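Here are my comments on the two-chain structure you sent, set out as numbered points. They start with the overall fold and confidence and then move on to the interface and its charged pairs.

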Amino acid sequence: MTIAFINKKKLIEQIKQGNEDALVKIYVRYKSEFIGWSVKKFNLSHEESEDIYQDAILVFRNNIVSNKLIELNSSVKTYLFAVAKNIALKKINRSARQLSDEVVDKEPATAKSDAIDYVMADNERQKLIANMIEKLKEPNRSILKMYYYQNLSMSEIAEKLNYKNDKVVKAQKVRCMNELKKMVRDLCLKDDLKD
Amino acid sequence: MEYDQHFIDNYLRQKHLLTSEEIASFEAHVKENKALAEELRLQEDLILGINHFFDKELKEKLKEANPSTSLKVFSLNQNQTIAVAASLVLLIVAGFFLFKPSLSSEQLYLSYYQAYPNIVEPAERGQENIQDAYALYEKGDYAKAIEKFESQLANSQPTEKAPLHFYMAISAMELNDLPSAEENLLKVLESEKGRFTNPARWYLALLYLRNNNTEKAEEELKILQGSNSSYAQKATDLFEAL
C-alpha cells in the first residue's frame, strides 16, 4: 500500500469523521519502520513493539476525536513515533528495566503528555460493560460508537444513519444506555447476592 | 433539580457546555445524594467500557491489516519436499483457473460491506405484519424477513415501498442472493428520491463489485460522489481503492 503524500488536514478530518480505514493506512505505512527502530532502540521484542505501535495509533485517534490534537505541527510519522516512544518508555519503566538518559529526548511536548493522559479501561465493571457492548445489536451499537467513541454530534449521527433528525437518535441512545445500566445493576446485584 | 443522562454526559465529556454554577451545583448534589453519585459512576464506567470495547475492536482491525507471520521451520525429507512442491504447483494452477472474481474486488467488497441497521422507527412501521418483518431483520432471520416484506409489498402504497425493497435487498445480500438484491435495489432507485436512495446506490455499487463488475460499480460510486451526502466520502475512498 503506498501513499505518496499525506494531507494532514484531510487525514485529521477523516479520523474525526470515524474513518478507520484512514488509520489503518497510516498504521501499515510506518509499521515495519517503527518495529525495526523500536527493537533496536529499546531492545523490545517484535510483538511488544507491534503492540506499542498499535496503542500509539489508538492514542492518535483518541487525541483527534477528543479535540486534543487539532493541528499537526510535525509530520504524522514524527508524532506517531513520539507517542509510541512514550508508551514504550512507560512499559519499560513498569518492567523496572534500566533506561539510559539518552532515550528521553526531544519529541513534541504534546505527544508526550497526550500518551501519558490516555487511560485504558481497567476496572472489572468496565470490562464487563465492554462484553455487553459486543452483544449489542444495530443500530444501538453504531449509535454508541459514533456518539461516545467517535465523538460525533447527534445531528451527524442522524445524517450518517439516515434518521429523520437528531431527536430520534438521542431518544434511541437514551433507551439503549438505560438498558445497559439496568443490565449492569442486575449483574452487580447478582454478584452481591453470591457474596 | 433532576439531572438526566444528557446532563451527566456533558459533565463527563463536554464540561465546557455547562456553566460553572451548573457544575458546582451538580457536584454539591452528588456529595449529598448517594443515588446520584452511583448514577454518575455507572455512566462514567459505561462510557469507559464503550471506549475500551471499540479500542479493542480497532486494535484487532490493525492486527489484521498486516498480520505478522510467524513461520515455523519444518524439516522435510526428499519425498516430502517433492510432495509439497507438487501440491503448491497444483494449488497455483487451480487458483489461476478457479478464483474469479479477482481477490481484490472480493476483498474490497468484504471490507466495505456490512448489513444496514434497521432505522425504521416503530411508529413508522405500521401494521403488525411489517413490525414482525423488521424484528426478524434485526434478529438476522433474513429468509423469514423477506417473506414478511414481500407479503407487505402487495398492500403498500407506492410511496411506502422503497424501505421494503431496500430491506429486502439487504436481506437478499446477506443470503447471497445477489440477483434478487440487485432487483430490489434498482426498484428503490426507480422510486421517488428519499432517505434510502443513497444507501441503495451504495449497496448496488458493492453488489457490482462483488460480481466483479467494476465498471458498473464505478458508475454508481461517481453518482454518490456528487450526492453531497455522507456516502460521498465513502464512495471516494472506495473509488480510489478500485
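1. A helix here is a DSSP run of H or I with at least four residues, and a strand is a run of E with at least two, both numbered from the N terminus. On that footing chain A has nine helices and zero strands, and its pattern, read along the sequence, is α-α-α-α-α-α-α-α-α. The model is a predicted one, and the points that follow should be read with that in mind.

2. On the packing of chain A, which has 195 residues, buried residues account for 48% of the chain. If one takes the contacts in chain A between residues at least 6 apart in sequence, 66% of them join residues at least 24 apart. The accessible surface of chain A is about 10,300 Å², and carbon and sulfur atoms hold 52% of that surface.

3. The confidence of chain B deserves a comment of its own. The average pLDDT of chain B is 80, with 77% of the residues scoring at least 70. Within chain B, helix H2 (residues 20-32) has the highest confidence, at a mean of 94, whereas helix H6 (residues 122-125) has the lowest, at 55. Two stretches of chain B call for caution: over residues 67-77 pLDDT stays under 50, and the model has six contacts beyond four places in sequence for them, while over residues 99-103 pLDDT also stays under 50, with four such contacts.

4. Turning to the interface, the contact draws 56 residues from chain A and 44 residues from chain B. The area buried between the two chains is about 4,900 Å², and carbon and sulfur atoms give 54% of it. On the side of chain A, the residues A:Arg125, A:Tyr148 and A:Asn162 supply 13% of the area that this chain buries against chain B, which is more than any other three residues.

5. The polar side of the interface comes to 19 residue pairs in polar contact between chain A and chain B, where both residues have pLDDT 80 or more. The elements of chain A that each give two or more residues to the side touching chain B are helix H2 (20-42), helix H3 (46-65), helix H6 (124-135), helix H7 (140-149), helix H8 (154-160) and helix H9 (166-194). The largest share of that side, twelve residues, comes from H9(A).

6. Which residues does B:Asn51 contact, leaving aside its neighbours within four places in sequence? They are A:Arg61, A:Tyr148 and A:Tyr149. B:Asn51 lies in helix H3 (residues 34-65) of chain B, and the side chain of B:Asn51 reaches the backbone oxygen of B:Ile47 at 2.8 Å. Because buried means under 20% relative accessible area, B:Asn51 counts as buried at 17%.

7. Salt bridges number 18 over all chains, and the count between chain A and chain B is nine. One that crosses between chains joins the side chains of A:Arg185 and B:Glu39, at 2.4 Å from N to O; this pair runs from helix H9 of chain A to helix H3 of chain B. A:Arg185 is partly exposed, with a relative accessible area of 37%.

8. Within chain A, A:Lys77 forms a salt bridge with A:Glu33, and the closest N and O atoms are 2.5 Å apart. A:Lys77 belongs to helix H4 (residues 76-94) of chain A and A:Glu33 to helix H2 of chain A, so the pair ties together parts that are 44 residues apart in sequence. A:Lys77 counts as partly exposed at 28% relative accessibility, and A:Glu33 likewise counts as partly exposed at 39%.

9. Helix H3 of chain B also holds a local pair, B:Lys63 and B:Glu60, which lie three residues apart, about one turn of the helix. Their side chains meet in a salt bridge at 3.5 Å, N to O. B:Lys63 is partly exposed at 34% relative accessibility, and B:Glu60 is partly exposed at 39%. Elsewhere, salt bridges that share partners join A:Glu20, A:Asp21, A:Arg141, A:Lys145, B:Glu57 and B:Lys61 into one network; the side chains of B:Lys61 and A:Glu20 meet in a salt bridge at 3.5 Å, N to O.

Technical notes:
Residues numbered from 1 in each chain as written. Chains lettered and ligands numbered in written order. Heavy atoms only, no water. Buried < 20%, exposed > 50% of the residue type's maximum accessible area, 1.4 Å probe, protein only. Polar contact = N/O pair within 3.5 Å; in protein donor to acceptor, adjacent residues only side chain to side chain. Contact = heavy atoms within 4.5 Å. Areas by Shrake-Rupley, 256 points an atom, 1.4 Å probe, with all protein chains shown as cover. pLDDT = per-residue confidence, 0-100. Buried area = accessible area lost by both parts, 1.4 Å probe. Salt bridge = Lys/Arg side-chain N within 4 Å of Asp/Glu carboxyl O.
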